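Hello,

Here is the structure I promised to hand over to you. Please open it beside this message, and then read on for what was found in it.

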Amino acid sequence: MIQGKTIICEEVFVQLVRLAAARVEKVTLWEQSGGGLMSFAKGLAGKNTPAVSVEKTDAEVQENGTVKKGHVSFVLKVSAAYDASIPETVEELREAVVKEVVRITDFQVDRVDIIVAQLEGAEQLPIAAEETAEEEQDRENGQ
């Protein structure tokens, strides 16, 4: 067997996370929308965080010939459907990511941290302006 080093780039891990996330219902990777000056300013200030962050250590062949597996950790920023159970949904996503990464790369996944940044569809809920107006009117009338 020919010896050599294999390095898997962070971009490959990002692709694997995207593929795994696409298979999980009620959650999507959060892509910050918007552009222009505000987005540019956030980028300069380091406030634009990517949907997937990867931290990895590559596999190593030790002096005695044994192979030490590579390790990888992730931070995912997602949007969840407003009617989803967030704990169940993120656990399903976490399991999908681990399964896909291990299957394709044989890296050990140490952590999959998930930040729920937004609820999808919540803006379509009928939080009626008239309810807010009625509450204000009740307060003014002393009710």
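Let's begin with Arg 94, which counts as partly exposed at 25% relative accessibility; buried means under 20% relative accessible area, exposed means over 50%, and partly exposed is in between (1.4 Å probe, protein chains only). Before going further, please note that this is a predicted model: local features need pLDDT of at least 70, side-chain atom pairs count only at pLDDT 80 or more, and totals for chains, interfaces and linings use all residues. Residues are numbered from 1 along each chain as its sequence is written, and side-chain values use heavy atoms, with hydrogens and water left out.

Arg 94 has a partner, Glu 91, and the two form a salt bridge with their closest N and O atoms 3.1 Å apart. The term stands for a side-chain nitrogen of Lys or Arg within 4 Å of a carboxyl oxygen of Asp or Glu. Both residues sit in helix α3, and because they are three residues apart there, about one helical turn separates them. Glu 91 is partly exposed too, with a relative accessible area of 34%. Another group, made of Arg 23, Glu 100 and Arg 103, is joined into one network by salt bridges that share partners.

Now for the overall layout. The protein chain has four helices and six strands, where helices (H or I, at least four residues) and strands (E, at least two) are DSSP runs numbered from the N terminus. Following the protein chain from the N terminus, you will meet its elements in the order α-β-α-β-β-β-β-α-β-α. Of the 143 residues in the protein chain, 26% are buried.

How many salt bridges does a search of the whole structure find? The search gives seven. One of them pairs Lys 26 with Asp 83, with 3.2 Å between the closest N and O atoms. Lys 26 is in the loop between α1 and β1 and Asp 83 in the loop between β5 and α3, so this pair ties together parts that are 57 residues apart in sequence. Lys 26 has a relative accessible area of 40%, so it is partly exposed. Its backbone deserves a look as well: phi of Lys 26 is near 70°, a positive value in a residue other than glycine. As background, most residues other than glycine have a negative phi.

A further salt bridge brings together the side chains of Lys 69 and Asp 106 (3.2 Å, N to O). This pair also links distant parts of the chain, 37 residues apart: Lys 69 is in the loop between β4 (67-68) and β5, and Asp 106 in the loop between α3 and β6. Both ends are partly exposed, Lys 69 with a relative accessible area of 41% and Asp 106 with 42%. Asp 106 is not a glycine either, yet its phi is positive, at about 65°.

Next, please look inside. The largest nonpolar core, meaning a set of buried Ala, Val, Leu, Ile, Met, Phe, Trp, Tyr and Cys residues joined through side-chain atoms within 4.5 Å, has 23 residues. Those with the most contacts inside this core are Leu 29, Phe 74, Leu 76, Leu 93, Val 97 and Val 101. At least two core residues come from each of α1 (10-22), β1 (27-29), β5 (71-81), α3 and β6 (108-120). Helix α1 gives the most to this core, with five residues.

Finally, turn to the surface. Glu 25, Glu 88, Glu 92 and Glu 95 form a negative patch there; patch residues have over 30% relative accessible area and no salt bridge, with like charges joined within 9 Å and nonpolar side chains (Val, Leu, Ile, Met, Phe, Trp, Tyr) within 5 Å. Glu 88 belongs to helix α3 (residues 86-105) and is exposed, with a relative accessible area of 60%. A nonpolar patch consists of Tyr 82, Ile 86, Val 116 and Leu 119, which together have about 300 Å² of accessible area (Shrake-Rupley method, 1.4 Å probe). Leu 119 lies in strand β6 and counts as partly exposed at 36% relative accessibility.

Enjoy exploring, and write back with any questions!

Best wishes

Key. Lys, Arg positive; Asp, Glu negative; His and termini not counted. Charge placed at Lys NZ, Arg CZ, Asp CG, Glu CD.
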